[in-house]
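Could you walk me through this structure, one selection at a time? I have it open in a viewer and would like to know where to click next.

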Amino acid sequence: MDRETMEFDVVIVGGGPAGLSAAIRLRQLARERQQEITVCLLEKGSEIGAHILSGALFESRALDELLPDWQKLGAPLDTPVSEDRVMLFTGPESAVSMPAMLTPRTMHNKGNYVISLGSLCRWLGEQAEESGVDIFAGYPAAELLMGKTNQVEGVITGDMGIDRDGEEKPTFEPGIELRARYTLFAEGCRGHLGKQLIEHYGLDQDCDPQHYGLGIKELWQIEADKHHPGAVLHGAGWPLSEGGASGGSFLYHAAEGQVAIGLITDLNYANPHLSPFEEFQRFKQHPEIRAVLEGGKRLCYGARAIAKGGLNALPRQHFPGGLLLGCDAGTLNFAKIKGAHTAMKSGMLAAETVFDALVGDEPEARDLKGYTDAFQDSWLYDELYRGRNFGPALHRFGLVAGGAFNFIDQNLFLGKLPFTLHDRMADHEAMKSAAACSPIAYPKADGVISFDRLSSVFLSNTAHEEDQPCHLTLRQPSAAIALNLARYDAPEQRYCPAGVYEILRDGELEVPRLQINAANCLHCKTCDIKDPLKNIVWRTPEGGGGPNYPNM
């Protein structure tokens, strides 16, 4: 197939905080040192920010370094944290407020901001374009371009205009070869190409398995007398604890009478009957939460997996021809429940490493090993090191004992206890058989506070070209489906927050069939992570497909 070829010094895959920060920093260095460096950034969403979803509480440390005059430039950081609470939800009607002195210091948010990360990324995109970065939105990086000596030489964007049978439509346009001296991968959690790079180069040989959570979020417009700009609530316990699962909840009062509410379900849960979506709907019915939402209007819905394994699960980030950045590698600081500032810093460190290699043009610099030294000398490494025990403690000891350990580790030892806890069981391996677990009966949605999946997906503005190959593929289309249904009662029906997977029974024999409603997909990647048989593989759909979040 004849493809158009474009060449750049650096190609960046992903228009999130890491990718945009890398792009901006590269252009800053080029301007400061009077070098001409061409930078291209690809974003699979219809625009920068369309696929960005986070809580989000934002620590400005990396932004202060990248763009010190961000306030003058109009960065959308308008709502400083004004109130900071942590609650232990002990049941469907009860909760206990935790004194600030008893919460880990990493959970304190004074000086941070309640933001829309999507809006921040749109603004960063504007700064990148003004600095000379070529941004191609709606162009997913579908394939790696590999050189003869096993180095990455760029990416190929996805073909457009292929029908569901793999045939070319009249609108067919082949993908473009984007060749680069260095390629930076910043696709976010469980990146499609990042996963391939980790496997191909064995980047995770010396680390723990990555651990994940599924974050489900809604944005609400609430009554004016209930709105307190900058008020922050974090929660733990019910409803997840009732089903033997763990995670946390949040309620953030943003600007203009809006609140962001969400539930993060750790994907190491064991009961295949559990539904993170339904757990979130239950959570909203708690009196502490319902009182805030009642009388309000739900504006938007979305979901995204987060990589929360921290330093222990961080793979080697350099390989011949490129780097793995931000949540594509797993730089989120779970002890703070924040990943935007760490992703930004990883992008900045990458830009500085790549710039030195481009200017030096040393052959051995093709494998950017210098990134490791820069990373380990930075505050990013120090922050992740101090938080390395936070997640494993909760996984191994549970909420109460693990929380007590984390208080001692963070507040008394400042994250520098002379040992490291590990969690070496991958999340998908934790699932038990359906027969060994109790079924969970979830209440019907009331359409006021709780809702069904399809009406929720509608609020995500998700759209895909219907006549295209299914981007959710199965390694074993028949045998694995039957085994998954028999052993786990097809948990993909429940862990997917968008109703993508349905078990249908055809004919008199009622032979079960898995129907994949790929058009509903929110690109959260949960199925690629949690499937106990590792049968489901997420690939990039046609460019521009997926959610179109306005300000999540």
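Here is a short tour with four stops. Keep in mind throughout that this is a predicted model.

**Stop 1: helix 4**

Start by selecting residues 117–130, which form helix 4. Put a distance between the C-alpha atoms at its two ends: the helix has 14 residues and reaches 20 Å, close to the 20 Å expected at 1.5 Å a residue. Now switch on the surface of the rest of the protein. Because 10 of the 14 residues are buried, helix 4 is largely enclosed by the rest of the structure. To see the buried residues, show Leu117, Gly118, Leu120, Cys121, Arg122, Trp123, Leu124, Gly125, Gln127 and Ala128 as sticks.

What do these buried residues pack against? Their partners include helix 1 (17–32), helix 2 (61–66) and helix 3 (70–73). Add strand 3 (57–58), strand 7 (134–137) and helix 9 (340–360) to the selection, since the buried residues of helix 4 pack against these as well. Before moving on, click Gly132, which follows helix 4 and has a positive phi, near 110 degrees.

**Stop 2: helix 6**

Next, select residues 276–284, helix 6. Is this helix mostly covered or mostly open? It is mostly covered, with nine of its nine residues buried. Colour them by type and you will find Phe277, Phe280 and Phe283 among the buried residues, along with Glu278, Glu279, Arg282 and Lys284.

**Stop 3: the second largest pocket**

Now bring up the second largest pocket, with a volume of about 810 Å³. It is lined by 34 residues, and those closest to its centre are Arg190, Lys195, Asp204, Tyr212 and Lys534, so centre your view on these five. Which element gives the largest share of the lining? Helix 5 does, with six residues. Show helix 5 (192–201) together with helix 8 (326–329), helix 16 (526–530) and strand 23 (536–538), as each supplies at least two lining residues. If you colour the lining by residue class, expect 14 nonpolar, seven polar and 13 charged residues.

**Stop 4: Ile516**

Finish by selecting Ile516 in strand 22 (residues 511–516). With a relative accessible area of 23%, Ile516 is partly exposed, because buried would require under 20%. Leaving aside neighbours within four places in sequence, Ile516 is in contact with Cys470, Leu472, Leu474, Val500 and Tyr501. For a last distance, pick Asp367: Ile516 and Asp367 lie 149 residues apart in sequence and 40 Å apart in space, C-alpha to C-alpha.

Methods. Residues numbered from 1 in each chain as written. Predicted model: local features only at pLDDT ≥ 70, side-chain atom pairs only at ≥ 80, totals over all residues. Heavy atoms only, no water. 1 Å grid on protein atoms, 1.4 Å probe; cavity = no way out; pocket = protein on both sides within 12 Å on 5 of 7 lines; lining within 4 Å. Points joined across faces, edges and corners; volume = space filled by probe spheres on them. Helix = DSSP H or I, 4+ residues; strand = E, 2+ residues; numbered from the N terminus. Nonpolar A, V, L, I, M, F, W, Y, C, P; charged D, E, K, R; others polar. Buried < 20%, exposed > 50% of the residue type's maximum accessible area, 1.4 Å probe, protein only. Contact = heavy atoms within 4.5 Å. Expected span 1.5 Å × (residues − 1).
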